[in-house]
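Here is a short report on side-chain packing and backbone details. Please keep the sequence and the model open while reading.

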Amino acid sequence: MHYVGKELNEECAVFGIWGHDHAAQLTYYGLHSMQHRGQEGAGIAVTDGKNIYDHKGLGLVNDVFDHEKLEYLNNKGFAAIGHVRYSTQGGNSYANVQPLVFRSQKDSLSIAHNGNLVNAHKLKGELEERGSIFQTTSDTEVIAHLIKRDYADSFIESLKHALSVIKGAYALTMLTEHQLIAALDPNGLRPLSIGKLGNAWVVASETCAFDLIGATFVRDVNPGEIVIIDNEGIHSEFFTNHAEPAICSMEYIYFSRPDSNIQGINVHAARKNLGRMLAQEAPVEADVVTGVPDSSISAAIGYAEATGIPYELGMIKNRYVGRTFIQPSQELREQGVKMKLSPVRAIIEGKRVVLVDDSIVRGTTSRRIVNMMREAGATEVHLRISSPPITHPCFYGIDTSTSSELIASKHSVEEIRKEIGADSLVYLSVDGLMQAIGRDPALKNCGQCLACFTGKYPTEIYPDTVLPHEKELLV
């Protein structure tokens, strides 16, 4: 299921903390701050140095953890990892909610994973032939089986081998009775940061989690790095010499909270720059600029500042509409958007409007929003998109795994404009995107993954990952 009024969903967020008397409580707060990254399931695992205890469930963090459950975990351990989930690979079921916990006679392991493995199906088949039995359909379980298969005297060496075998996007937090471990894939496709809270160490998908609990940002986890935290402190090792940074561009465009810093760049500032660059590339005569709440507001402000056209709050988001609103018919789908988003008639009526949005995926939501603006009295609606056209599927944890879902894969910009009913439509260029975000120009593609815009994937894409009719899209 998707947000009513939004078309992109991302897989999840991870959090970890070591060395705090209220580890579970702080993990709860950390997950709550990253709830935007996943609303279908949540879980926390804790350790007291002898055992791992966990609780998880379907729904929002507030739904899964009441005071009693949280107090139980809080009294059980000094270290914890947590996870909020949006289901892509594996589907939405209780068994797939993370952290996953694996217990054996030797020790226990809990894993929380943000991302998606592109060779999970292949590896799962090989592991099953060697006797592995899987309890979930999540690709995360593959990682645990690989570690256990090679687990000799050193857990870290086994982990290194497992990470050298899996391919795709993964930001991991892992908990044993004796260590908290964080790891990032060689491309750093997903964000992962390290913080400090007193004597405790913290790891999170977004830095906004540090702000909420009062932790101080220390640094980002590097692509291809394993960070080990235990009672002796913190140290790190690399499991590859072939790291090539390619963080997902959509982290800056859409997914991350505006108060987070991703690889040293503030998300709100990056989005304002996207809007400014869009204004340079696609100016238009208009009376007001407005953005589609929430992720497009920053870009709309940047567009307005660059053009001198006043920014106005032309659309309001209703905070109290549940995300699982059932939409069995077209009529109810239209009503769902109206429940989630409402135009401000007093601002829109009689005006030429620049409507800034961060992306167009399927096109249906954009068409409904443009129609709402016209119904509110807008004389012209000029749609400006602060990202390039999404023409290729994502295999790294975003729920656009087939090109049939993507309107830009088969239609020109002019055809899309006619379909959604805007007076004009312009997307940001790929070059404009890279320049606006401001990552290191010395890195390939400025250290960003642009695959959904260009079809050039930073990892190998395995045949069983792609539908047969999609393979010609791979460059």
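The sections below cover the cores, the aromatic pairs, helix packing and some backbone details.

## The nonpolar cores

This is a predicted model. Its largest nonpolar core holds 49 residues. Within that set, Met250, Val289, Tyr396, Leu433 and Phe453 touch the most other members. Several elements each supply at least two residues of this core. They are strand S14 (247-248), helices H8 (250-255), H9 (267-281) and H10 (297-307), strand S20 (352-357), and helices H15 (430-437) and H16 (451-454). Helix H9 gives the most, with six residues.

Which residues does Val289 touch, leaving aside those up to four places away in sequence? The list has Ala300, Tyr303, Ala304, Ile309, Pro310, Tyr311, Glu312, Val354 and Val356. A second core is separate and has 29 residues. Among them are Phe15, Ala24, Ala42 and Leu73.

## Helix H10 and its cover

Helix H10 has these buried residues: Ile297, Ser298, Ala299, Ala300, Gly302, Tyr303 and Ala304. Ala300, Tyr303 and Ala304 are also among the contacts of Val289. What covers the buried residues of H10? The cover includes H9, S17, S20 and S21.

Gly308 follows H10. Its phi is positive, near 85°.

## Aromatic pairs

A pair of aromatic rings is described by the distance of the centres and the angle of the planes. The count here is seven aromatic pairs. Take Trp18 and Phe78: the ring centres are 5.0 Å apart and the planes stand at 85°, so this pair is edge-to-face. The pair links distant parts of the chain, 60 residues apart. Trp18 belongs to strand S1 (residues 12-18). Phe78 sits in the loop between helix H3 (67-74) and strand S4 (79-85). Are the two partners buried or partly exposed? Trp18 is buried, at 3% relative accessible area. Phe78 is partly exposed, at 23%, because the cut-off for buried is under 20%.

Phe395 and Tyr457 form another pair. Their ring centres lie 5.4 Å apart with planes at 45°, so the pair is tilted. An angle of 45° falls between the limits of 30 degrees for stacked and 60 for edge-to-face. Phe395 lies in the loop between strand S21 (380-385) and helix H14 (413-420), and Tyr457 in the segment after H16, so the pair ties together parts 62 residues apart in sequence. Phe395 is buried, with a relative accessible area of 3%. Tyr457 also counts as buried, at 13%. Elsewhere, ring pairs join Tyr28, Tyr29 and Phe65 into a cluster.

## Lysines over rings

Two lysines lie over ring faces. Lys56 is over the face of Tyr94, 5.3 Å from the ring centre. Lys196 is over the face of Trp201, 4.5 Å from the ring centre.

## Helices H1 and H3

Two packed helices are described by the angle between their axes and the distance between the axes. How do H1 and H3 meet? The axes of H1 (residues 23-33) and H3 come within 7 Å and cross at roughly 130°. The helices are therefore oblique to each other. That angle is below the limit for roughly antiparallel, which is over 145 degrees, and above the 65 to 115 range for roughly perpendicular.

H1 makes the contact with Ala23, Ala24, Gln25 and Tyr28. H3 makes it with Leu70, Leu73 and Asn74. Ala24 and Leu73 also belong to the second core. Tyr28 is also part of the ring cluster.

## Backbone exceptions

Most residues other than glycine have a negative phi, and most peptide bonds are trans. Where does the chain depart from this? The peptide bond from Gln98 to Pro99 is cis, with omega near 5°. Pro99 is in the loop between S4 and strand S5 (100-103). Pro293 and Asp294 are also joined by a cis peptide bond, with omega about -5°. Asp294 lies in the loop between strand S17 (288-291) and H10.

Asn445 is not a glycine, yet its phi is positive, about 55°. Cys446 is not a glycine either, and its phi is also positive, about 55°. Asn445 lies in the loop between H15 and strand S23 (448-449). Cys446 is found in the loop between H15 and S23. Asn445 is partly exposed, at 33% relative accessible area. Cys446 counts as buried, at 12%.

How values were computed:
Residues are numbered from 1 along each chain as its sequence is written. This is a predicted model: local features need pLDDT of at least 70, side-chain atom pairs count only at pLDDT 80 or more; totals for chains, interfaces and linings use all residues. Side-chain values use heavy atoms; hydrogens and water are left out. A nonpolar core is a set of buried Ala, Val, Leu, Ile, Met, Phe, Trp, Tyr and Cys residues joined through side-chain atoms within 4.5 Å. Buried means under 20% relative accessible area, exposed over 50%, partly exposed in between (1.4 Å probe, protein chains only). Helices (H or I, at least four residues) and strands (E, at least two) are DSSP runs, numbered from the N terminus. Contact means heavy atoms within 4.5 Å. Rings of Phe, Tyr and Trp (its six-membered ring) pair if their centres lie within 6.5 Å; planes under 30 degrees apart count as stacked, over 60 as edge-to-face and the rest as tilted. A charge sits over a ring if NZ of Lys or CZ of Arg is within 6 Å of the ring centre and within 35 degrees of the ring normal. Axes are lines fitted to C-alpha atoms, for helices over the stretch in contact, and angles run from 0 to 180 degrees between N-to-C directions. Angles under 35 degrees count as roughly parallel, over 145 as roughly antiparallel, 65 to 115 as roughly perpendicular and the rest as oblique.
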